[in-house]
Amino acid sequence: MTLEITTTPSESPRSDSEVAQILADPGFGTHFTDHMLTVEWTPDAGWHDARITAYGPLSLDPATAVLHYAQETFEGMKAYRHDDGSVWTFRPGENAQRMVRSSHRLALPVLEPEDFVQAVDALVEVDQRWVPDGAGEKSLYLRPFMFASEAFLGVRPAQHVTFMVIASPAGAYFKGGVTPLTLWLTEEYTRAGRGGMGAAKTGGNYASSLVAQREAIGHGCDQVVFLDAAEGTYVEELGGMNLYFVHADGHVVTPETGTILEGITRSAIIDLLAKKGHKVEERRFSIDEWRDGVGSGEITEVFACGTAAVVTPVGTLKWDSGEVSGGAEGGPLTLEIRQDLVDIQYGRTEDGFGWMHRVV
Ligand SMILES: Cc1ncc(COP(=O)(O)O)c(C=O)c1O
């Protein structure tokens, strides 16, 4: 632990009854806890001035570089409350290392993984009453992010960078049981090219996905599917989730990494599937293989995964001139993997992988 974090408690924290009211139906991303964590970086001083203060607006110079050139990275993770009241995060070191890789791509400084984990833990500890109980798969969503905070309009890596962590209670992704997604295949927009920043968790990737996501919604779909930029042939990922294809003989395919976000749920699922004896292939997977495989019955289940929804069955894939549908409910392996992961995250089964990290 190398950060020296000072804590100045909020002078107007929400009352216990206000917190209870919010936690009863938190939704997603609209309520924030009483505090936030901030750390500054400059080339000479390195990371310094780590502090937990009352949650509140930032005051930014209009020339702040991130507002112009989007030099920023972020992470998404959750804190889970177990039945005994303890609070845990899931593979936080993986989020920390992904932020290092993202920051490298965005020419931002390295925040050492142990400092990242220390910072996240510190905020969760201070705001621990905001971690909902695990019933109904509620959690405290954690958003670490790093941005170019130097006020300077030149195009070069910022000389002043700020890292922050904020937290927001999150309700169950599926309120009335797991429901399959309907996906829209965009044939106009791509998400990432070779040498681009597709593997980085950075705002620009999400900004560029919005118009495609809007197209998906316009076609009555939940999420957009992106294909590779070079050939428009290979399946990449959704706007915010990775994909898996279960085959009739039990082997499972997931698109290889390179231009997709290396999901932490995705990598956990590779281990879970292997433990269950399934062969997992990480390889290029064409859109025709998907359409033909579902049509012929060679592909028996398709699912998406990510921190928000854990594992979500895919019901239908639509595109401009057609659609293919799998089942109206999630397939058996999809639901089994989902349950395995959720049980580990909420401490209802033994974590044989060493994935859980105790915070409180
Ligand atoms: C583009 C994209 N792909 C995949 C994922 C899944 O990643 P993870 O499992 O780490 O949440 C996310 C989640 O944020 C995402 O934004």
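Me: What area does the chain expose, and what share of it do carbon and sulfur atoms supply?
Reply: This is a predicted model, in which local features need pLDDT of at least 70, side-chain atom pairs count only at pLDDT 80 or more, and totals for chains, interfaces and linings use all residues. Side-chain values use heavy atoms, without hydrogens and water, and residues are numbered from 1 along each chain as its sequence is written. By the Shrake-Rupley method with a 1.4 Å probe, the chain exposes about 15800 Å², and the share from carbon and sulfur atoms is 50%.

Me: Which percentage of the 360 residues is buried?
Reply: Buried denotes under 20% relative accessible area, exposed over 50%, and partly exposed in between (1.4 Å probe, protein chains only). Of the 360 residues in the chain, the buried ones make up 53%.

Me: Which residues of helix 1 are buried, and where do they lie around the axis?
Reply: Helices are DSSP runs (H or I, at least four residues) and strands likewise (E, at least two), numbered from the N terminus. In helix 1 (residues 16-24), the buried residues are Val19, Ile22 and Leu23. Their arc, that of the directions from the helix axis to the C-beta atoms, is only 95°, so they lie on the same side of helix 1.

Me: Which residues are exposed on the other side of helix 1, and which strand is included in what covers the buried ones?
Reply: Opposite the buried residues, Ser17, Gln21 and Ala24 of helix 1 are exposed. Contact means heavy atoms within 4.5 Å. The cover over the buried residues of helix 1 includes strand 8 (161-170).
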